[in-house]
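Here are some notes for your first reading of this structure, set out as numbered points. Please keep the sequence and the 3D view side by side as you go through them.

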Amino acid sequence: MDLSINLFIIFGLIMYLLFFTIIILIIVALIKYIKSDPIQKKDKIFYLSLGESLKNARISNNMTQEFVASSIGVSRQAVSKWENGTSDPSTANLLALSKLYQISPEQLLRDISK
């Protein structure tokens, strides 16, 4: 009888220690998770949209949308649509924009994700 009670107590202690260890490991894992940066921030490569690239080039050249539109022969709304991503410029317009901004078309398209 004493042996079975002792085994029961030992088994209970082992289960208690196992449960306590699992709880500690879960807490440590949660703390590491909370302190870590999201994977997206670490591994993310920043890409611009075509519109953002066009807008950055226009702003760096101190030009307005109206000036760009009149220089290449399109409406200001067309330039606005290109910059906000509603539409994309034709190849001819893209070449005209790169010439106006004095950068190569490749430079406009370099950081763009698809």
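1. Please bear in mind throughout that this is a predicted model. A good place to begin is with the buried residues of α4, which pack against three helices, namely α3 (50–60), α5 (76–84) and α6 (91–100). Helix α4 itself covers residues 65–72, and its buried residues are Q65, V68, A69 and I72. Seen down the axis of α4, these buried residues fall within an arc of 100°, so they line one face of the helix. An α-helix has 3.6 residues a turn, so residues three or four places apart point the same way.

2. Helix α5 can be read in a similar manner, starting from its buried residues, which are A78, V79, W82 and E83. When the view is taken down the axis of α5, the buried residues lie within an arc of 135°, and therefore they line one face of this helix. The partners against which the buried residues of α5 pack are α3, α4 and α6.

3. Which residues have the most contacts inside the largest nonpolar core? They are L54, V68, W82, L97 and Y101, in a core that has 15 residues. To this core, α3, α4, α5 and α6 each supply at least two residues. As a general background, nonpolar side chains in soluble globular proteins tend to be buried together.

4. V68 deserves a closer look, since it is listed both among the buried residues of α4 and among the residues with the most contacts inside the largest nonpolar core. If its neighbours within four places in sequence are left aside, V68 is in contact with R58, M63, V79, L97, L100 and Y101.

5. Some backbone angles should be checked by eye, beginning with the two glycines, where G73 takes a positive phi of about 80° just after α4, and G85 takes a positive phi of about 85° just after α5. A positive phi is also found in residues other than glycine, including N62, with a value near 55°, and Q102, with a value near 55°.

6. Where do N62 and Q102 sit? N62 is in the loop between α3 and α4, while Q102 is in the loop between α6 and α7 (105–109). N62 counts as exposed because its relative accessibility is 73%, and Q102 is exposed too, with a relative accessible area of 70%.

7. The structure holds one aromatic pair, which is formed by Y16 and F20 and is stacked, with 6.4 Å from centre to centre and 15° between the planes. Y16 and F20 are four residues apart in helix α1 (residues 2–35), so about one helical turn separates them. Are these two residues buried, partly exposed or exposed? Y16 is exposed, with a relative accessible area of 55%, whereas F20 counts as partly exposed because its relative accessibility is 43%.

8. The last point concerns S98, a residue of helix α6 that counts as buried because its relative accessibility is 5%. A polar atom of the S98 side chain lies 2.8 Å from the backbone oxygen of L95. Apart from neighbours within four places in sequence, S98 is in contact with I103, S104, P105 and L108.

Definitions and conventions
Residues are numbered from 1 along each chain as its sequence is written. Side-chain values use heavy atoms; hydrogens and water are left out. Buried means under 20% relative accessible area, exposed over 50%, partly exposed in between (1.4 Å probe, protein chains only). The arc is that of the directions from the helix axis to the C-beta atoms. Contact means heavy atoms within 4.5 Å. A nonpolar core is a set of buried Ala, Val, Leu, Ile, Met, Phe, Trp, Tyr and Cys residues joined through side-chain atoms within 4.5 Å. Rings of Phe, Tyr and Trp (its six-membered ring) pair if their centres lie within 6.5 Å; planes under 30 degrees apart count as stacked, over 60 as edge-to-face and the rest as tilted. A polar contact is a pair of N or O atoms within 3.5 Å; within protein, one must be able to donate a hydrogen and the other to accept it, and residues adjacent in sequence count only if both atoms are side-chain atoms.
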